[in-house]
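Here are some exercises to work through with the model open in your viewer. Try each one before reading its solution.

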Amino acid sequence: MNAVMEKYRALTEREQHLVLVSAVFVVIALFYWGVWTPLNQSLDQQRELLSNQQSLLVWVQERVNRAQQLRRSGSSRPGFNGSLPQAVNSTTNRFNIVIARMQPQGDELQVMVEDAPFNDVLSWLQALEAMGITILQADFAEANVSGHIKIRRLQLGKS
């Protein structure tokens, strides 16, 4: 450090002034590109992430409200007397849902679907409930495609 100070003192007054102005400029540039810009970029990314999460929350709340309405409207449905596998097959064809596995269990039916649009699944479940088929248990998972879900296990029964 002493060697640098000696070199600085050896400079003319004009050169010393130029070195000080340059040093101030370098410090400001280091602060701007080393601290300020990365902080602003990170802040922008976090704002975008927050916006995306808020949009997702609104979408999920709308779907929850729709599911609750469907559940309330289905409380006065008639009992189902037909064959569960036939009813499921006919409704899945209507809603373009491909069943991966269907397993009868007495008066109940267990259904699995690998990938289906969420809205189509809701419409399908609504149609099943309108027919008088009861959803006993359901286990859903996120699919690889946005807006699609997997039905790991859907236990259906007669009302």
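**Exercise 1. Where is N96 found, and is N96 buried or exposed?**

Solution. Start with the location: N96 sits in the loop between α3 and β1. Bear in mind that this is a predicted model. Next, look at the backbone: N96 has a positive phi of about 55 degrees although it is not a glycine. This residue comes just after α3. Finally, check the accessibility: at 64%, N96 is over the 50% cut-off, so N96 counts as exposed.

**Exercise 2. Work out which residues of helix α3 are buried and which are exposed, and what the buried ones pack against.**

Solution. Step one: helix α3 spans residues 84-94, and its buried residues are L84, A87, V88, T91 and T92.

Step two: see how these are arranged. They cover an arc of only 125 degrees around the axis, so they lie on the same side of α3. The spacing fits a general rule: an α-helix has 3.6 residues a turn, so residues three or four places apart point the same way.

Step three: turn to the other side of α3, where Q86, N93 and R94 are exposed.

Step four: list the partners. The buried residues of α3 pack against the strands β1 (101-105), β2 (108-117), β3 (133-142) and β4 (148-158), and also against α4.

**Exercise 3. How many bridges join β1 to β2, and what sits in the turn of the hairpin?**

Solution. Count the bridges to begin with: there are five between β1 and β2, and the two strands run antiparallel. Pick one of the pairings: P104 has L109 in β2 as its bridge partner. Now go to the turn. The two strands form a hairpin with two residues between them, and G106 in that turn has a positive phi of about 70 degrees.

**Exercise 4. Find the aromatic pairs of the structure and classify each by its geometry.**

Solution. What you need for each pair is simple: a pair of aromatic rings is described by the distance of the centres and the angle of the planes. The structure holds two such pairs.

Take Y32 and W33 to begin with. Their ring centres are 5.2 Å apart and their planes make 85 degrees; this is over 60, so the pair is edge-to-face. As for accessibility, Y32 is partly exposed at 42%, while W33 is exposed at 59%.

Now take W59 and F118. Here the ring centres are 5.3 Å apart and the planes are at 50 degrees, so the pair counts as tilted. W59 belongs to helix α2 (residues 13-73) and F118 to helix α4 (residues 118-130), so this pair ties together parts that are 59 residues apart in sequence. W59 is partly exposed, with a relative accessible area of 32%. F118, at 19%, counts as buried.

**Exercise 5. Track down the salt bridges and say how exposed their residues are.**

Solution. A search of the whole structure turns up two salt bridges.

One of them joins the side chains of D44 and R47, at 3.5 Å from N to O. Why does the spacing suit a helix? D44 and R47 are three residues apart in helix α2, so about one helical turn separates them. D44 is partly exposed at 45% relative accessibility, and R47 is exposed at 51%.

The other links R63 with E62, with the closest N and O atoms 3.8 Å apart. Compare the two ends: R63 counts as buried at 18% relative accessibility, whereas E62 is partly exposed at 44%.

**Exercise 6. What does the model show over the residues that UniProt lists as "transmembrane region"?**

Solution. First get the range from the record: an unreviewed UniProt entry lists residues 18-36 under that name. Then read the model over residues 18-36: the chain is 100% helix and 0% strand there. Last, take the ends of the stretch: their C-alpha atoms are 25 Å apart.

**Exercise 7. Describe the setting of A130 and its separation from F80.**

Solution. A130 lies in helix α4. Its relative accessible area is 56%, so A130 is exposed. Along the chain A130 and F80 are 50 residues apart, and their C-alpha atoms are separated by 9.4 Å.

Notes. Residues are numbered from 1 along each chain as its sequence is written. This is a predicted model: local features need pLDDT of at least 70, side-chain atom pairs count only at pLDDT 80 or more; totals for chains, interfaces and linings use all residues. Side-chain values use heavy atoms; hydrogens and water are left out. Rings of Phe, Tyr and Trp (its six-membered ring) pair if their centres lie within 6.5 Å; planes under 30 degrees apart count as stacked, over 60 as edge-to-face and the rest as tilted. Buried means under 20% relative accessible area, exposed over 50%, partly exposed in between (1.4 Å probe, protein chains only). Helices (H or I, at least four residues) and strands (E, at least two) are DSSP runs, numbered from the N terminus. The arc is that of the directions from the helix axis to the C-beta atoms. Contact means heavy atoms within 4.5 Å. Two strands pair if DSSP finds at least two bridges between them. UniProt positions are given in the numbering used here, feature names are shortened, and annotations may be inferred rather than shown by experiment. A salt bridge is a side-chain nitrogen of Lys or Arg within 4 Å of a carboxyl oxygen of Asp or Glu.
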